[in-house]
Amino acid sequence: MPPKRSSLPSAIARPVKRAKEKITVSLGGVENGVADTNMSSVGSASGGDQEFKYLKSSFLRLFQTNNNVTNSIIKNHFGETKYKLLVPFINELLVTSRLTIERGNGSTELIYRLNSEEMAAKFKGLDQSHRLVLQIIENSGNRGIWTKEIRMASSLQEQALKKIYKTLEMRKLIKPVNSVTAARKKLYMLYDLTPAREITGGPWYTEMEFDHEFIAELRHFMLHCIKTMNKGRGVTLKEISDKMIEMKVSRIQLKMDEVVQLMQTLVYDYLVEEDDQLAPDGMSRFVEAKKVDPRCDFKGW
């Protein structure tokens with residue numbers, strides 16, 4: 001049996017909302033995407049270099065436990081005066097793509113997100129169209145988004161989108177993914193995400209094809225467990241799952257709901273049935289199905 005690959009996608013396209021408005025500005029007044037620093041209270045000179053260094057390090061520490069910091073959190077943490085002193089540093093982070101700002105869903109509240117230096121390098125030089133497409137793809141999560149939906153959400157022409165996809169793929173910001181439900185259509189998702197099992201079909205698919213051989217072997221193993229474990233008095237789903245892991249039946253560790261799916265196929269085929277008696281821990285036990293004699297004792301009228 002060929003080794004199983006880790007699970008990947010099956011997906012049904014979902015309606016896509018218009019991407020959230022991307023904000024590229026920070027505190028104070030705004031002009032051309034850069035916060036206005038032309039005020040008397042702003043800058044390191046007003047508070048001294050040491051104070052400014054302390055403010056910078058304090059600002060960065062806010063992102064250590066939560067990388068989505070709202071404007072109100074920053075104001076409450078620093079106070080109005082020190083909040084304004086941060087403007088030059090905020091602008092520096094924005095220009096170098098170390099910081100991104102966007103509005104929350106259905107809110108005017110600004111949300112700050114700090115990027116690593118490696119990620120900032122990938123963002124460097126991207127224009128608004130690239131960032132818009134990236135945001136649309138990011139919002140789709142690990143289920144991905146169809147190229148048609150990206151075109152509708154961005155209002156960009158197909159030719160322009162192809163160039164954007166190529167740039168974002170080369171920078172390893174996004175990746176194309178095929179779905180078992182529509183192999184000829186293309187989905188996009190963020191590069192570092194693992195596609196949802198609905199997209200790849202989970203462990204039941206190998207290289208986008210339904211793996212009959214793998215499923216047959218798993219069913220055979222489960223039947224063997226039911227016949228031999230606990231002297232044939234029945235086994236629970238957890239016992240079977242633990243045995244699969246112990247015996248390394250699959251390089252992919254099946255989730256409990258997937259073990260349930262396999263057991264259901266055995267029940268539907270009248271190979272296994274649920275025992276009347278529960279296990280000591282209260283879980284259902286499964287035993288080999290009793291053979292049914294189709295004959296009856298009816299002698300006729």
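Helices (H or I, at least four residues) and strands (E, at least two) are DSSP runs, numbered from the N terminus, and the expected span of a helix is 1.5 Å times one less than its number of residues. The structure is a predicted model, in which local features need pLDDT of at least 70 and side-chain atom pairs count only at pLDDT 80 or more, while totals for chains, interfaces and linings use all residues. Residues are numbered from 1 along each chain as its sequence is written, and side-chain values use heavy atoms, with hydrogens and water left out.

**Exercise 1. Compare the expected span of helix α8 with the distance between its end C-alpha atoms, and then work out where its buried residues lie.**

Step 1. Helix α8 comprises the 13 residues 158-170, which at 1.5 Å a residue should span 18 Å, and the end C-alpha atoms are 18 Å apart, in agreement with that expectation.

Step 2. L161, I164, Y165 and L168 of α8 are buried, where buried means under 20% relative accessible area, exposed over 50%, and partly exposed in between (1.4 Å probe, protein chains only). These residues cover an arc of only 105° around the axis, which puts them on the same side of α8; the arc is that of the directions from the helix axis to the C-beta atoms. An α-helix has 3.6 residues a turn, so residues three or four places apart point the same way.

Step 3. The face turned away from the buried side of α8 carries the exposed residues Q159, K163, K166 and M170, whereas the buried residues pack against α6 (128-139), α7 (147-154), β8 (174-179) and β9 (182-190), a contact being heavy atoms within 4.5 Å.

**Exercise 2. Describe how α6 is oriented against α8, and which residues make the contact.**

Step 1. The axes of α6 and α8 come within 10 Å and cross at roughly 75°, where axes are lines fitted to C-alpha atoms, for helices over the stretch in contact, and angles run from 0 to 180 degrees between N-to-C directions. That crossing makes α6 roughly perpendicular to α8, given that angles under 35 degrees count as roughly parallel, over 145 as roughly antiparallel, 65 to 115 as roughly perpendicular and the rest as oblique.

Step 2. On the α6 side the contact is made by S129, H130, V133 and L134, and on the α8 side by L161, I164, Y165, T167 and L168.

Step 3. Sorted by class, this contact of α6 with α8 has six nonpolar, three polar and no charged residues, with Ala, Val, Leu, Ile, Met, Phe, Trp, Tyr, Cys and Pro counted as nonpolar, Asp, Glu, Lys and Arg as charged, and the others, Gly among them, as polar.

**Exercise 3. Determine how the buried residues of α7 are arranged around its axis.**

Step 1. The buried residues in α7 are E149, I150, A153 and S154. Seen down the axis of α7, they fall within an arc of 120°, so they line one face of the helix.

Step 2. K148 and M152 are exposed on the face turned away from the buried side of α7, while its buried residues pack against α6, β7 (145-146), α8 and β9.

**Exercise 4. Locate N230 and Y270, and state the phi and exposure of each.**

Step 1. N230 lies in the loop between α10 (212-228) and α11, has a positive phi near 55°, and is partly exposed, with a relative accessible area of 35%.

Step 2. Y270, in the loop between α12 and β12 (272-274), has a positive phi of about 60° although it is not a glycine, and at 72% relative accessibility Y270 counts as exposed.
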